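Trainee: I have a chain open on my screen and would like to walk through it with you. Could we go bit by bit?

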Amino acid sequence: TDVLSRFVGAAKEYEADIVLRLTGDCVFLDPKIIDEAIQLRTATNADYVTNQWPVSFADGLDVECFTKESLFISDKEATLPLDRDCVTQFMMRNAYRFKVGSLVCPIPGLDKSRWVLDSAEDWEFCVALASRLKHLPPSYTDILAILEKEPELQKINGHLKRNERFYDALAVEPIQ
């Protein structure tokens, strides 16, 4: 449950100056969005960049990029179990202490889409979507084109809440 320590260990092992956080439940990550997050961090010299705050991209396109310094500060000061489990939670809650950059989706309403793999319904959606892809990795616009032609696919898992596991943990351990 101390994922933050594992990130610190990896950053030290590989002498990373910049850390890119991509999660295994985001199976349709778009390399262009990843590149844009990295470029935004570089161009602004931000400590932390995300495309999920404010939420504007589909759930499942999550990208975070941050400096080793912000990671080490988080590791040193984060005491809440939720902050240790969710690597960048401390940075987000203490955004006033870090230079934060936000990559915002240019397509309004995409934040309502769910392209993540957290449940059986998500698995069904991901398999259905993957079977329609013409190349890998897909761009998010490739996925949108498929969903525009077949909007019923989104009904498979569209009823599920975004970041449900996080909010379940938050209900047990409220942040003050």
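Trainee: Where is Pro54 found?

Mentor: Before anything else, keep in mind that this is a predicted model. Pro54 is found in the loop between strand 2, residues 48-50, and strand 3, and the peptide bond that joins Trp53 to Pro54 is cis, with an omega of about 5°.

Trainee: Which other peptide bond is cis, with omega near -10°?

Mentor: That is the bond from Leu136 to Pro137, and Pro137 has its place in the loop between helix 6, residues 120-130, and helix 7, residues 140-149. These bonds are worth pointing out because most peptide bonds are trans.

Trainee: Okay, changing topic to phi. What is phi of Glu15 near, and what is its sign?

Mentor: Phi of Glu15 is near 50°, which is a positive value in a residue other than glycine. Glu15 lies in the loop between helix 1 and strand 1, and with a relative accessible area of 68% this residue is exposed, since the cut-off for exposed is over 50%.

Trainee: And Asn45, where is that, and is it buried or exposed?

Mentor: Asn45 has its place in the loop between helix 2, residues 31-44, and strand 2, and the residue is exposed, with a relative accessible area of 53%. Its phi is also positive, near 55°, although Asn45 is not a glycine. As background, most residues other than glycine have a negative phi.

Trainee: Let's go inside then. Which residues of helix 3 are buried?

Mentor: In helix 3, which covers residues 68-77, the buried residues are Ser70, Leu71 and Ser74. Seen down the helix axis they fall within an arc of 105°, so they line one face of helix 3. The spacing helps you picture this, because an α-helix has 3.6 residues a turn and residues three or four places apart therefore point the same way.

Trainee: What do those buried residues pack against?

Mentor: They pack against helix 1 (3-13), strand 1 (18-21), strand 3 (64-67), helix 4 (81-85) and helix 5 (89-93).

Trainee: Can we zoom in on Ser74? Why does it count as buried?

Mentor: Ser74, which is found in helix 3, has a relative accessibility of 0%, and therefore counts as buried, given that buried means under 20%.

Trainee: Which residues is Ser74 in contact with, apart from its neighbours within four places in sequence?

Mentor: Leaving those neighbours aside, Ser74 is in contact with Leu4, Arg84, Phe90, Met91 and Phe98.

Trainee: Now zooming out, how many helices and strands does the chain have?

Mentor: The secondary structure comes to eight helices and four strands, and if you read along the sequence they follow the pattern α-β-α-β-β-α-α-α-β-α-α-α.

Trainee: What radius of gyration does the chain have, and what would a compact globule have?

Mentor: The chain has a radius of gyration of 17 Å, which agrees with the value near 16 Å that a compact globule of 176 residues would have. Along its principal axes, the C-alpha trace spans about 50 × 40 × 30 Å, and 44% of the 176 residues count as buried.

Trainee: How much of the contacts comes from residues 24 or more positions apart?

Mentor: Taking the contacts in the chain with a separation of 6 or more, residues 24 or more positions apart account for 73% of them.

Trainee: Last one, what about the surface and the charges?

Mentor: The chain exposes about 9700 Å², and carbon and sulfur atoms supply 56% of that area. As for the charges, there are 20 positive and 29 negative ones, and their mean positions are 2 Å apart.

Conventions. Residues numbered from 1 in each chain as written. Predicted model: local features only at pLDDT ≥ 70, side-chain atom pairs only at ≥ 80, totals over all residues. Heavy atoms only, no water. Buried < 20%, exposed > 50% of the residue type's maximum accessible area, 1.4 Å probe, protein only. Helix = DSSP H or I, 4+ residues; strand = E, 2+ residues; numbered from the N terminus. Arc of directions from axis to C-beta. Contact = heavy atoms within 4.5 Å. Rg over C-alpha atoms; globule rule 2.2 N^0.38 Å. Areas by Shrake-Rupley, 256 points an atom, 1.4 Å probe, with all protein chains shown as cover. Lys, Arg positive; Asp, Glu negative; His and termini not counted. Charge placed at Lys NZ, Arg CZ, Asp CG, Glu CD.
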